[in-house]
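User: Please take a close look at a single part of this structure and describe it in detail. I would then like to understand how that part connects with what surrounds it.

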Amino acid sequence: MTRDSKPDLLKVEGLKAYYQMNYYGVEREVRAVDGISMNIKRGEVYGIAGESSSGKTSFIKVLAAAIRPPLRVVEGTVKYEFKNGPIEVTTASPAQIEEVRWKHLSYIMQGSMSVLNPVRRIGKTFKDFAQRPLGLTGAAFEDRVIKHLARLKLPPEVLRAYPHELSGGMRQRVTIGLATVCHPEFIIADEPTTALDVVVQKEVLSLIRDIQKEMDSSVVFVTHDMSVHANIADRVGIIYAGRLVEEGPTKQMFFTPKHPYTAHLVASLPRIGDTTQRPALEGRPPNLADPPQGCRFHPRCPLAVDKCRQEVPPLETVAQDHRTACWRWQDVKPLVGSAHPAGVMA
Ligand SMILES: Nc1ncnc2c1ncn2[C@@H]1O[C@H](COP(=O)(O)OP(=O)(O)OP(=O)(O)O)[C@@H](O)[C@H]1O
């Protein structure tokens, strides 16, 4: 099946989610997600990249229906077409969310320790998460979990362990096990490989990929590490200052980026045998409580003209499945050394 012939599993339209706070009577609003629209197909792996504080985690928290104050959805919709029916997560009731949690929609949060209760054995946590959605009890449930753990190269003994008794890599595999044991249709992962050494990182990535393929699930994952995107994403989306500024098939994003910010991210990747100085991107991302007018990247952009300072560029299609929000996308060239980054096949 080509990408085109696959159905959309997720549709996000005009999503705005802000942190709304009140400090001693002073209102403050951080526009972490500020007008994002995108779709994800069944069976697709979509990677989200961007600098720290650009809104990646806030965005996927909304996708994962894990919205807690002060974060609030102020506009837009997030709709899934699950096998058991559609659900719009920004307006769904807690009971409706509970119904799809783990069985249809699972979320691997940042940092495995924060998901695993330190005073609960792993086996108990599996029961809490998965027993109800799987509808199994006793030996049948345990058998299912043990078989799943074996696929993740984890012995049955981990079920009796406390989180602190496991290595970081094992804990991360346990977290992936929890998120996949119910064979969800949609898996959301926030920095699934951060804080792991390179060998374990590769293992965890191929595990996620194998499980995704076997179940034909869709995966959305966040990482600032572009080489991870190069390795596992079908498509990559770049978030800058709360907005999706470019998205496209992974290879095109690396070889023919159409947004100057993407060109910089790609150029910062290490390349085998290349010792030339990387072109550094000057400045910092804007304060999301007071973002600049027009294109939010303009204060740092080498191509910026007056129009960029005044008007917000729309996300427009520039090639099949490739969209960019840049008034000057036709002038964007891959930066020196950005061809053939490590891990991307020509
Ligand atoms: N609980 C919170 N209360 C108020 N503001 C917050 C909160 N969490 C995040 N923010 C702000 O929202 C903006 C987006 O943050 P977010 O964590 O979504 O970015 P990110 O791209 O995931 O960053 P990182 O890569 O560092 O995790 C930032 O300006 C951040 O300071």
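Analyst: Residue E316 has its bridge partner in β12, namely T324. The model in which this pairing is found is a predicted one. The two strands concerned are β11 and β12 (residues 322–324), which pair in the antiparallel sense over three bridges.

These two strands belong to an open sheet of eight strands with mixed pairing, in the order β6-β7-β8-β3-β9-β10-β12-β11. The edges are taken by β6 (105–108) and β11 (316–319); because each has a single partner strand, one side of each is left without a neighbour in the sheet. On average, neighbouring strands of this sheet are turned by 20° against each other, direction ignored.

Helix α1 packs on the sheet, where it touches β3 (45–49), β7 (186–190), β8 (218–222) and β9 (235–240). The direction of α1 makes about 150° with that of β8. The helix is mostly covered, since seven of its eight residues are buried. They are K56, S58, F59, I60, K61, V62 and L63.

The helix also takes part in the surroundings of the ligand. In total, 14 residues surround the ligand. Of these, the closest are Y19, S52, K56, T57 and S58. Both α1 (56–63) and β2 (26–41) supply at least two residues of this shell, and α1 gives the most, with three. By class, the shell is made up of five nonpolar, eight polar and one charged residues. Two of the names recur: K56 and S58 are among the closest to the ligand, and both are listed among the buried residues of α1. The helix is thus described by two sets of surroundings, with strands of the sheet touched by α1 and a ligand shell to which α1 contributes.

The stretch after α1 deserves equal attention. The helix is followed by A65, whose phi is positive, near 55°. A65 is not a glycine. Most residues other than glycine have a negative phi, and most peptide bonds are trans. A65 lies in the loop between α1 and β4. This residue counts as buried because 21 C-beta neighbours lie inside 10 Å, and the threshold is 20 or more.

The same loop holds a second departure from the usual backbone geometry. The peptide bond from P69 to P70 is cis, with omega near 10°, and P70 is found in the loop between α1 and β4. Beyond the loop, β4 (residues 71–82) pairs with β5 (residues 85–88) in the antiparallel sense over four bridges. A hairpin of two residues joins β4 to β5, and F82 stands opposite G85 in β5.

A comparable backbone feature appears elsewhere in the chain. K153, which is not a glycine, has a positive phi of about 55°. It is placed in the loop between α5 (138–151) and α6 (168–180). Is K153 buried or exposed? K153 counts as exposed because 11 C-beta neighbours lie inside 10 Å, and the limit for this class is 12 or fewer. A65, by contrast, is buried.

The helix that follows the K153 loop, α6, has a partner of its own. The axes of α6 and α7 (residues 198–215) come within 10 Å and cross at roughly 10°; the two helices are therefore roughly parallel to each other. On the α6 side, the contact is made by G169, Q172, R173, I176 and T180, and on the α7 side by V200, V204, L207, I208 and I211. This contact comprises six nonpolar, three polar and one charged residues.

One further residue completes the picture. F126 is located in helix α4 (residues 122–134) and is buried, with 25 other C-beta atoms within 10 Å. Leaving aside neighbours within four places in sequence, F126 is in contact with V145, L159, L178 and V181. The C-alpha atoms of F126 and L159 are separated by 8.3 Å, although the two residues are 33 residues apart along the chain.

How values were computed:
Residues are numbered from 1 along each chain as its sequence is written. This is a predicted model: local features need pLDDT of at least 70, side-chain atom pairs count only at pLDDT 80 or more; totals for chains, interfaces and linings use all residues. A residue is near a molecule or strand if its C-beta atom, placed from the backbone, lies within 6 Å of it. Ala, Val, Leu, Ile, Met, Phe, Trp, Tyr, Cys and Pro count as nonpolar, Asp, Glu, Lys and Arg as charged, and the others, Gly among them, as polar. Two strands pair if DSSP finds at least two bridges between them. Axes are lines fitted to C-alpha atoms, for helices over the stretch in contact, and angles run from 0 to 180 degrees between N-to-C directions. Angles under 35 degrees count as roughly parallel, over 145 as roughly antiparallel, 65 to 115 as roughly perpendicular and the rest as oblique. Two residues are in contact if their C-beta atoms, placed from the backbone, lie within 7 Å.
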